[in-house]
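Here is a note for a colleague who is beginning to read protein models. Please keep the structure open beside the text and look up each residue as it is named.

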Amino acid sequence: MIIGFIYYILIYIDKFDLFGKLICFIFTLNHLNFYIMEARELANEITNYLNTFGDKSEEFNNAMSSQHRTLQQNFTRLCLAWIEHCASEEYRYDGRNEASHNTSKAILEGFEKVQAEKGYNGEMLKFMSKLSGHLPSV
């Protein structure tokens with residue numbers, strides 16, 4: 001998407017005056033910076049958003065619901081991968097986030113049980129029990 005935007009700017013930029021070209025350049029740099037954002041920076045932005053009193057899930061869900069459907073699917077995949085990570089033994093937890101670990105494990109165990117009831121077993125059950133693997137890339 002951003003490549004298409006840059007292509008558009010490069011083709012039509014000669015139709016703008018100097019000020020218009022500068023605005024387009026700044027706009028493009030800002031969008032490129034967003035796409036280049038590192039995972040740690042994104043995690044910091046999310047935790048800054050969450051680091052307040054009160055539950056912001058309804059506000060966030062409403063905002064996310066207005067995003068492109070493919071991006072919503074990608075975000076859901078990211079959330080499911082986070083649940084898988086929280087359930088893993090690599091996830092470092094203590095009393096402050098132990099409920100996240102336990103709840104994530106219970107979600108995965110329940111999903112695995114559903115997949116086993118569908119007839120999957122062995123390696124195929126392990127493969128089919130990966131939550132984030134059930135959402136196709138569109």
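**Notes on a pocket and two helix contacts**

1. The second largest pocket holds about 290 Å³ of space, and of the 15 residues that line this pocket, Leu108, Glu112, Lys126, Ser129 and Lys130 are the closest to its centre. Please bear in mind while reading that this is a predicted model.

2. Which helices each supply at least two residues of the lining of the second largest pocket? They are helix H5, which covers 69-87, helix H6, which covers 98-117, and helix H7, which covers 122-128. Sorted by class, the lining of this pocket is made up of seven charged, five nonpolar and three polar residues.

3. H5, one of the helices that contribute to the pocket lining, also packs against helix H4, which spans residues 57-65; the angle between H4 and H5 is about 135°, and their axes lie 9 Å apart. Angles from 65 to 115 degrees count as roughly perpendicular and those over 145 as roughly antiparallel, so the angle of about 135° makes H4 oblique to H5.

4. On the H4 side, this contact is made by Phe60, Met64 and Ser65, while H5 brings Arg69, Gln72 and Phe75 to it. By class, the residues of the contact of H4 with H5 comprise three nonpolar, two polar and one charged.

5. How do H5 and H6 pack, and at what angle? Their axes are 7 Å apart and the angle is about 110°, which means that H5 is roughly perpendicular to H6. The crossing of H5 and H6 is left-handed.

6. In the contact of these two helices, Ile83, Glu84, Cys86 and Ala87 of H5 meet a set of residues in H6, namely Ser100, His101, Ser104, Lys105, Ile107 and Leu108. The residues of the contact of H5 with H6 divide into five nonpolar, three polar and two charged. Leu108, which takes part in this contact, is also listed among the lining residues closest to the centre of the second largest pocket.

How values were computed
Residues are numbered from 1 along each chain as its sequence is written. This is a predicted model: local features need pLDDT of at least 70, side-chain atom pairs count only at pLDDT 80 or more; totals for chains, interfaces and linings use all residues. Side-chain values use heavy atoms; hydrogens and water are left out. On a 1 Å grid over the protein atoms alone, a cavity is a set of points where a 1.4 Å probe fits but cannot get out, and a pocket is an open set with protein on both sides within 12 Å along at least five of seven lines; lining residues have an atom within 4 Å of a point. Grid points are joined across faces, edges and corners, and a volume is the space filled by probe spheres set on the points. Helices (H or I, at least four residues) and strands (E, at least two) are DSSP runs, numbered from the N terminus. Ala, Val, Leu, Ile, Met, Phe, Trp, Tyr, Cys and Pro count as nonpolar, Asp, Glu, Lys and Arg as charged, and the others, Gly among them, as polar. Axes are lines fitted to C-alpha atoms, for helices over the stretch in contact, and angles run from 0 to 180 degrees between N-to-C directions. Angles under 35 degrees count as roughly parallel, over 145 as roughly antiparallel, 65 to 115 as roughly perpendicular and the rest as oblique. Contact means heavy atoms within 4.5 Å. A crossing is left-handed if the near helix is turned anticlockwise from the far one by less than a right angle, and right-handed if clockwise.
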